[in-house]
Amino acid sequence: MQAAVDWFQSRVNLFPDKQAAVDAETNVAWTYTELNDRAEFLAQYLLQNGVRKGDRVALLAPNHVSYFDFVFACMKIGSVFVPLNWRLSRNELDYVLKDCSPKLIGVSPVFQDKLKQNRTTCIAITDNNYLDGLHLSGSYSVEEVPTEGDPLAMIYTGGTTGKPKGAVLSHRSILWNAMNTIISWNLTNEDITLTCLPMFHTGGLNVLSLPLLLSGGKVVISSEFEAATAINDLLTYQCTIVLCVPTMYHMMIQTKAFQNASFPHMKVFLSGGAPCPHKIYNAFRAKGIPFKEGYGLTEAGPNNFYIDPFETKRKLGSVGKPMLFNDIKIVAGNGKEVSGNEVGELLIRGNHSFEYYWNKPEQTEQTLINGWVRTGDLARRDDEEYIYIVGRKKDMIITGGENVYPLEIEHWLESHVSVKEAAVLGFPDEKWGEIVVAFIVADVVISDHEWHEYCGRKLARYKIPKKFILLDELPKTHVGKINKAILKEKIT
């Protein structure tokens, strides 16, 4: 197996004095050389404390420069970076820590009480200068050079349908995702992004942060998301590209800051993590701002498609076409590819895909089939080869023998002027097998009769929800997706 490439060191050699990262709160910035020096120091400290190739090194912290310290230190010595979801409960975190058994943990004091008592060596992530409190007693060398197929990071999936699974990403996985993104999305060393999605999630780490550092660009790190603050940061740092989830965009477009801003440097706003409501597209289009939707998952990419932002009006809701260095296919239940515009499960293949689930061989075999990653998402392809994500396979509703895809109904409900959010689920029914139920967050109370009338303007009768349930807000997962598992508990 070929030795892994320390591509960050190579980038430092090319652009040593260029700014690589900035802390949005303190405005402290680091050049590529300074960021690499931090990683080299931490790598030595890890070796001094017995961390070797294959050992896990965890981090429990809000978005912070330490994420780059840890991932690049692990890259240099062959250890495995495990970013921990700080939104998990103590018991959930305890499960993850027992599963990955890290040799060392970096922890922010604000999350210290989330860790149950353990004997693992801890590094306190107090501020940007936390490395100054660490001391080296000598120099150490890597005993076994990592190869491209060795694990570099392990990111735990959401776990809404069971225990979280650690998706193992190799040096090859992360590098190929970054290279594919740079080439397919035309990223350059002039690009600047704001990372306000949590960096414990693949969206915060692998969609733009690492690809931009490979391209020689700049990453602005924000420790938490607040809509008006994010807009100000985008303008202050002259960002050219950013990724947010629909929930974040929903909050942004309602602010005066958004209404007054023109974003002169922005090439494109990216949406990911969940299907994006059409009203968000419309809010950006009304201001003449490029906006598009992407698709990915921890196990594949997470970047897989490209669409020109100017094509989104003609191809509303499409994620585009496959990027240069990954393949896709859409298959029926029998595993054969569907034809024409038929709906089937989306499968993805490429060097950017994950290697396996940690300690879970059975789930690995169910997800990785002959090199193809089964996404569990339903998709269709139009006559021009553009791909549309229809929804989760497990969320598809079969009512009276007809297939119903919740996303179509959700988009129509959210197009109503009074609706903020909507989620559609299927519930068991003796007569129909399943019935369609809609959960809605709206500004005003609207009767079931009015909802039926509104849905009837666009939807076939069998697609119209049998029940409409109004809520003050929809429950969300740790990464901002609507948590349909909790909604299922609200009705019997």
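**View 1. Helices and strands along the chain.** Let's start with the parts list: 15 helices and 26 strands make up the secondary structure of this chain. Keep in mind that what you're looking at is a predicted model.

**View 2. The whole chain and its overall size.** Measured out along the principal axes, the box filled by the C-alpha atoms is roughly 75 × 50 × 45 Å. The radius of gyration is 23 Å, which agrees with the value near 23 Å for a compact globule, because the chain has 492 residues.

**View 3. Inside and outside.** Of the 492 residues, 57% count as buried. On the outside, the chain exposes about 21300 Å², and 49% of that comes from carbon and sulfur atoms. Now for who touches whom: take the contacts with a separation of 6 or more, and 67% of them are between residues 24 or more positions apart.

**View 4. Charged side chains.** The chain carries 51 positive side chains and 56 negative ones. Find the centre of each set, and the two centres lie 3 Å apart.

**View 5. Close-up on S173.** Here we zoom in on one serine, S173, which sits in helix α5, a helix covering residues 171-185. Is S173 buried or exposed? S173 counts as buried, because its relative accessibility is 1% and the cut-off for buried is under 20%.

**View 6. The neighbours of S173.** The side chain of S173 makes a polar contact of 2.9 Å with the side chain of S170. Leave out residues up to four places away in sequence, and S173 touches N351, H352, S353, F354 and E355.

Terms used
Residues are numbered from 1 along each chain as its sequence is written. This is a predicted model: local features need pLDDT of at least 70, side-chain atom pairs count only at pLDDT 80 or more; totals for chains, interfaces and linings use all residues. Side-chain values use heavy atoms; hydrogens and water are left out. Helices (H or I, at least four residues) and strands (E, at least two) are DSSP runs, numbered from the N terminus. The radius of gyration is taken over C-alpha atoms; the globule rule is 2.2 Å times the number of residues to the power 0.38. Buried means under 20% relative accessible area, exposed over 50%, partly exposed in between (1.4 Å probe, protein chains only). Contact means heavy atoms within 4.5 Å. Accessible areas come from the Shrake-Rupley method with a 1.4 Å probe; for residues, only the protein chains shown count as cover. Lys and Arg count as positive and Asp and Glu as negative; His and the chain ends are not counted. The place of a charge is taken as NZ of Lys, CZ of Arg, CG of Asp or CD of Glu. A polar contact is a pair of N or O atoms within 3.5 Å; within protein, one must be able to donate a hydrogen and the other to accept it, and residues adjacent in sequence count only if both atoms are side-chain atoms.
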